[in-house]
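Colleague: I should like to learn how to read the helix packing in a model of this kind. Could we begin with the terms and then turn to the case at hand?

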Amino acid sequence: VPPDASSSQIKQSYLALAKLYDSRMEGGRRSREFNEIARAWMVLSDARLRERYDRQLEQWEAERRMREKMMEEEMRWVEEQRAQGMTGSDNKFTKDLVYNKKM
């Protein structure tokens with residue numbers, strides 16, 4: 001459901017998905033998907049938990065955007081160093097194993 005979904009939209013989506021995945025029970029065990037749907041319903045149907053989830057989601061998005069920006073700046077810096085004629089042995093990032101894994 002979209003982030004601005006109403007409680008009735010959430011309930012309709014939950015019931016449709018629950019019906020679909022509950023019918024896939026294998027030997028009396030519910031599927032992993034059904035359990036995930038049930039957990040999502042528990043969070044999204046409770047206003048306090050949903051508000052907490054929304055705040056956490058905003059924080060995750062902000063952290064993701066910050067990581068992307070840092071990577072772009074690092075790449076720009078490396079390109080500038082290459083343009084200035086620095087070799088790989090002069091560049092501290094090429095020696096850094098963690099940095100090389102990101103590349």
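Modeller: Let us start with packing angles. An axis is a line fitted to C-alpha atoms, for helices over the stretch in contact, and the angle between N-to-C directions runs from 0 to 180 degrees. Helices (H or I, at least four residues) and strands (E, at least two) are DSSP runs, numbered from the N terminus. This is a predicted model, in which local features need pLDDT of at least 70 and side-chain atom pairs count only at pLDDT 80 or more, while totals for chains, interfaces and linings use all residues. Residues are numbered from 1 along each chain as its sequence is written, and side-chain values use heavy atoms, with hydrogens and water left out.

Colleague: How many helices and strands does the protein chain have?

Modeller: The protein chain has 5 helices and 0 strands. From the N terminus, the order of elements is α-α-α-α-α.

Colleague: At what angle do helix H2 and helix H3 pack?

Modeller: Angles under 35 degrees count as roughly parallel, over 145 as roughly antiparallel, 65 to 115 as roughly perpendicular and the rest as oblique. Here H2 (residues 32–45) and H3 (residues 47–83) meet at about 100°, their axes lying 5 Å apart. The two helices are therefore roughly perpendicular to each other.

Colleague: Which residues make that contact?

Modeller: Contact means heavy atoms within 4.5 Å. H2 contributes Met-42, Val-43, Leu-44 and Ser-45, and H3 contributes Ala-47, Leu-49, Arg-50 and Tyr-53.

Colleague: How is the buried face of a helix recognised?

Modeller: An α-helix has 3.6 residues a turn, so residues three or four places apart point the same way. Buried means under 20% relative accessible area, exposed over 50%, and partly exposed in between (1.4 Å probe, protein chains only). In H1, the buried residues are Ile-10, Tyr-14, Ala-18 and Tyr-21. Viewed down the axis of H1, they fall within an arc of 75°, so they line one face of the helix; the arc is that of the directions from the helix axis to the C-beta atoms. Gln-12 and Lys-19 are exposed on the other side of H1.

Colleague: What do the buried residues of H1 pack against?

Modeller: They pack against H2 and H3. Ile-10, found in H1 (residues 7–22), is an example: its relative accessible area is 5%. Leaving aside residues up to four places away in sequence, Ile-10 touches Val-1, Ala-5, Trp-41, Leu-44 and Arg-50. The C-alpha atoms of Ile-10 and Leu-44 are separated by 7.3 Å, although these residues are 34 apart along the chain.

Colleague: Which residues of H2 are buried?

Modeller: Phe-34, Ile-37 and Ala-38 are buried in H2. They cover an arc of only 100° around the axis, which puts them on the same side of H2. The face turned away from that buried side carries the exposed residues Arg-32 and Arg-39. H1 is included in what covers the buried residues of H2.

Colleague: How much of the protein chain counts as buried?

Modeller: Of its 103 residues, 16% count as buried.
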